[in-house]
Amino acid sequence: MMAGQMPRWADYILMPAINVAAAFFVSGLVVLAIGENPFDAVRILVWGAFGWNEGIGFTLFYATNFIFTGLAVAVAFHASLFNIGGEGQAYVGGLGVALACLALDRFVPWWVTMPLAVAGAAAFGAAWAYIPAVLQAKRGSHVVITTIMFNFIAASLMVYLLVNVMAKEGSMQPETRTFEDGGRLPLLDTILPGVDFGSAPANLSFVIALLACLFTWVLIWRTRLGYEIRTFGANQTAAVYAGISPVRITIVTMLISGGLAGMMAVNEIMGSQHRLLIEFVSGYGFVGIAVALMGRSHPLGIVFAAILFGMLYQGGAELAFEMPAITRDMIVVIQALVILFAGALEHMFRPTLIKLFGILSAPASRAA
Amino acid sequence: MSERLAIELEGIDKRFGAVHANKDIHLKVAKGSIHGIVGENGAGKSTLMSILYGFYHADGGEIRVDGKTVTIASSQAAIALGIGMVHQHFMLVENFTVLENVILGAEGGARLGAGIGRARAELKRLAADYDLKVDPDAVTGDLPVGLQQRVEILKALFRGADVLILDEPTGVLTPPEADHLFRILRVLRDEGKTVLLITHKLREIMAVTDEVSVMRRGEIVATRETSKTSMGELAELMVGRRVLLEVEKTPAQPGAPLLTVEGLNVRDGRGVEVVKDVSFQVRAGEIVGIAGVSGNGQSELLEAIAGIRPARSGIVTIDGTRVDLAAARRDPAEIRSYGLAHVPEDRHRMGLVTRFHEYENAILGYHRDPAYGRGAFLDLDAIRDTARAEIEKYDIRPPDCFLKTANFSGGNQQKIVLAREIERDPAVLLVGQPTRGVDIGAIEFIHKRLVALRDAGKAVLLVSVELDEVRALADRVLVMFDGRVVGERAPETAESELGLLMAGAVQEAAE
């Protein structure tokens with residue numbers, strides 16, 4: 001009965017590695033086609049992301065965003081829900097962060113503001129996921145459709161608020177005033193002795209992101225609620241048989257998912273920008289889908305996938321700088337190829353790999 | 001005897017990864033005979049037939065059809081060689097007419113009109129030759145299953161089949177329909193066709209075949225002339241040891257009612273009444289069996305009592321607790337808490353999450369139980385201990401609670417569900433199709449467990465489409481037809497009488 005299977009390590013490590021390798025191979029061909037040396041390109045990309053302190057700082061900063069949005073998608077995946085509204089939920093989450101910071105930054109130190117900002121981000125993100133969740137649970141409106149529509153509604157809402165309500169007085173910029181020290185998270189290199197990330201904005205949010213990973217892992221695999229989420233995701237009929245309410249699980253899971261997406265805003269708004277501005281999410285919510293797919297919806301996998309995408313963002317920027325022939329658009333092509341192979345074509349190499357393991361394991365079982 | 005052979009298999013071998021599904025199979029099927037192939041689930045019957053029908057390619061060995069060595073690369077190739085297959089699950093387009101279904105894939109050219117004309121004449125001839133009468137213009141979905149199966153047979157014959165493979169053909173039929181099918185098979189044989197009948201029901205083998213081959217663990221362990229063997233011998237060959245075909249039990253000593261159902265009405269998703277005013281009782285220490293052809297409301301009955309499916313009206317009393325099933329929100333967890341356990345009909349769809357580890361399924365439905373954790377958290381050690389204890393007690397193999405549930409055999413999966421439900425010591429147990437897709441060894445074990453539960457003073461409500469099973473296990477038999485209980489009988493009642501009730505030929509008020 002073990003036919004058609006492969007060891008877990010192959011599923012969790014080998015498969016993603018092969019997918020990334022394939023993406024890099026095709027990217028290499030593209031680089032070659034425009035007359036540059038692909039090996040140089042890879043060297044510059046990796047060095048740009050990991051070869052110097054400031055590069056590492058930027059990589060970690062981007063990775064923090066991807067961890068939050070990746071976890072958001074992963075939690076929903078466990079319940080077989082496809083939340084592609086991370087973009088909008090993170091955007092609205094920024095409102096929660098900004099309100100906390102604007103209210104408190106002049107009166108209290110950052111460590112008082114932080115828990116409220118995190119809670120605000122999660123609450124606003126969750127609230128933005130709530131309506132699609134209820135529509136799915138009670139009316140059967142598919143979350144893929146509703147969450148994507150809510151991304152657009154979020155964008156319009158935030159522009160309206162930033163232009164008409166929250167903009168700094170006398171300014172034409174659609175952004176709030178800059179937070180004082182009470183609304184700014186400390187940078188990682190100020191906390192860690194002997195580390196200097198230069199001008200990179202890697203901040204305490206990275207630690208919060210790792211805690212969110214731990215939270216997600218405990219939730220999914222160690223709690224009764226997580227058991228219900230996984231049962232519902234794997235077999236809805238069995239879930240009903242077991243007395244698990246589909247309505248409740250759909251709503252609760254979407255709230256948690258939206259909350260995690262919303263928390264991404266803590267990194268951008270309180271950790272780096274120190275003000276609320278338009279379009280600060282700039283695609284991190286969507287890339288979270290690829291991160292979750294690549295990380296196999298497992299928090300540890302998501303950390304690695306997030307760092308990979310952080311590397312592509314940071315190293316890609318370096319590459320565009322060092323190799324003028326490789327434009328910013330080329331970097332987007334490379335990132336898209338990784339998403340294509342790790343996300344959309346996730347299972348392309350699987351049958352071949354399973355066959356390979358079948359061949360490798362057959363002599364072993366014959367000998368037994 | 002120098003009879004001509006329709007099919008000859010020489011040394012057929014097939015592996016799926018580490019699984020050796022067919023080992024060096026040798027099989028000779030005489031022309032103009034009915035040849036049965038019996039074996040437990042997973043014995044390799046279906047794999048062998050799939051090789052013959054071109055779904056799989058054998059790793060080794062030779063196939064000869066009419067004495068000529070052939071390679072069968074696809075089902076088209078099989079059809080061209082005159083091999084036809086009637087699948088267990090019909091391959092029919094329900095809203096096509098019989099005629100349209102028969103010509104589907106063999107339309108004979110781009111212009112439909114000419115093909116249809118020829119097909120109509122051909123169908124008429126086939127109906128006359130083989131006593132296979134079906135109205136060619138009837139909409140297939142409106143026909144009873146017995147007639148739908150005839151359409152499948154016509155499809156194969158229309159394509160010029162000389163060898164017919166039937167895979168578990170009686171699973172969906174009433175006893176009278178099955179008898180009719182056997183008559184048709186005999187006519188086909190007498191007209192020179194060859195029939196390969198795959199089944200796990202020994203009674204059918206004895207009733208209709210000329211020769212029978214027994215498969216066990218991928219091998220053909222014996223071939224016998226049917227007239228010179230017995231059910232006992234065949235069962236022993238299938239399992240590899242002696243088996244009890246009868247369930248040993250003492251007469252029931254019923255006590256007070258533990259489950260009372262009053263005035264239950266259920267509508268399905270399309271608003272059709274599927275359970276109509278059903279009332280009955282199950283007392284402590286008895287097994288009440290519900291017999292009926294699949295699709296006459298039994299499934300909905302079980303699901304409504306368990307709180308899974310909403311009822312329009314109906315009161316159940318479980319071990320003294322009255323529950324109004326028509327109340328707005330019925331929760332299976334609540335019903336369970338009153339002392340009702342439920343082994344659902346379809347373990348893959350409902351009873352198990354096949355993607356989960358075995359131990360995770362050991363608490364499905366009981367995951368809120370304080371024994372399995374504190375507060376919001378699960379105590380995995382406690383859950384695994386429970387799972388290991390059940391694995392030991394129910395002899396679930398392989399004994400590994402970390403194994404994915406999908407990797408257990410059907411019988412062992414059923415034992416996982418049964419152990420979970422019985423070990424919570426319920427007052428009432430609902431059991432649907434307890435031995436569907438379960439091998440003989442496990443059937444024996446499951447039947448013993450159910451009788452033991454009865455003898456421990458619990459109430460058991462059994463639903464099964466296997467009439468033999470209901471008669472062997474139940475102390476009282478209720479027959480359901482078209483959503484109603486149409487009669488109550490003692491299990492010793494003649495099969496023909498129960499068969500008539502099941503077919504709706506006799507209607508009477510229950511009790």
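**View 1. Chain A is built from helices, with no strands at all.** This is a predicted model, and in it chain A carries 15 helices and 0 strands. Its C-alpha atoms fill a box of roughly 80 × 60 × 40 Å along the principal axes. A compact globule of 368 residues would have a radius of gyration near 21 Å, so the 22 Å of chain A agrees with that picture. Buried residues make up 51% of the chain. Look at which residues touch, too: of the contacts in chain A with a separation of 6 or more, 76% are between residues 24 or more positions apart.

**View 2. Chain B mixes helices and strands.** Here you'll find 17 helices and 20 strands. The C-alpha trace of chain B spans about 70 × 50 × 45 Å along its principal axes. For 511 residues, a compact globule would come out near 24 Å in radius of gyration; chain B has 25 Å, which agrees. In chain B, 46% of the residues count as buried. Among its contacts between residues at least 6 apart in sequence, 67% join residues at least 24 apart.

**View 3. Six strands of chain B line up in an open sheet.** Reading across, the order is β16-β17-β18-β13-β19-β20, and the pairing is mixed. The edges are β16 (340-343) and β20 (484-489) of chain B, each of which pairs on one side only. From one strand to the next, the twist averages 20°. Within the sheet, β13 (residues 286-291) and β18 (residues 459-463) of chain B run parallel and are joined by 5 bridges. To spot one of the bridge pairs, find I287(B), whose partner in β18(B) is V460(B).

**View 4. A closer look at the β16 edge of that sheet in chain B.** β16(B) and β17(B) pair in the parallel sense, over 4 bridges. A341(B) has L429(B) of β17(B) as its bridge partner. Which residues of β16(B) point which way? L340(B) and H342(B) go one way, A341(B) and V343(B) go the other, and all are buried. Lying across β16 and β17 (428-432) of chain B is helix α14 (residues 410-422), which runs at about 175° to β16(B).

**View 5. L462(B) is one of the best-connected members of the largest nonpolar core.** That core has 261 residues, and the ones touching the most other members are I67(A), L164(B), I165(B), L462(B) and V479(B). Its largest share, 16 residues, comes from helix α3 (residues 53-78) of chain A. Now zoom in on L462(B): leaving out residues up to four places away in sequence, its contacts are I287(B), V288(B), G289(B), I290(B), V431(B), V470(B), L473(B) and A474(B).

**View 6. A second open sheet in chain B has 4 strands.** The order is β2-β1-β4-β5, with antiparallel pairing. Its edge strands are β2 (19-30) and β5 (68-70) of chain B, and each pairs on one side only. Ignoring direction, neighbouring strands are turned by 25° against each other on average. β1 (residues 5-16) of chain B pairs with β2(B) in the antiparallel sense over 8 bridges. A handy landmark is E8(B), whose bridge partner in β2(B) is K28(B).

**View 7. Strand β6 of chain B is covered on both faces.** β6 spans residues 83-86 of chain B. On one side sit I83(B) and M85(B), on the other G84(B) and V86(B), and all of these are buried. β6(B) runs parallel to strand β7 (residues 163-167) of chain B, and 4 bridges join the two. For I83(B), the bridge partner in β7(B) is V163(B).

**View 8. Here is where chains A and B touch.** On one side are 22 residues of chain A, in contact with 26 residues of chain B. Which elements of chain A give two or more residues to its side? They are α9 (224-234), α10 (236-241) and α15 (350-367) of chain A. α9(A) gives the most, with 5 residues. Sorted by class, the side of chain A that touches chain B has 11 nonpolar, 9 polar and 2 charged residues.

Methods: Residues numbered from 1 in each chain as written. Chains lettered and ligands numbered in written order. Predicted model: local features only at pLDDT ≥ 70, side-chain atom pairs only at ≥ 80, totals over all residues. Rg over C-alpha atoms; globule rule 2.2 N^0.38 Å. Buried ≥ 20, exposed ≤ 12 C-beta atoms within 10 Å, placed from the backbone. Contact = placed C-beta atoms within 7 Å. Pairing = 2+ DSSP bridges. Axes fitted to C-alpha atoms, helices over the stretch in contact; angles between N-to-C directions. Core = buried A, V, L, I, M, F, W, Y, C linked by C-beta atoms within 7 Å. Nonpolar A, V, L, I, M, F, W, Y, C, P; charged D, E, K, R; others polar.
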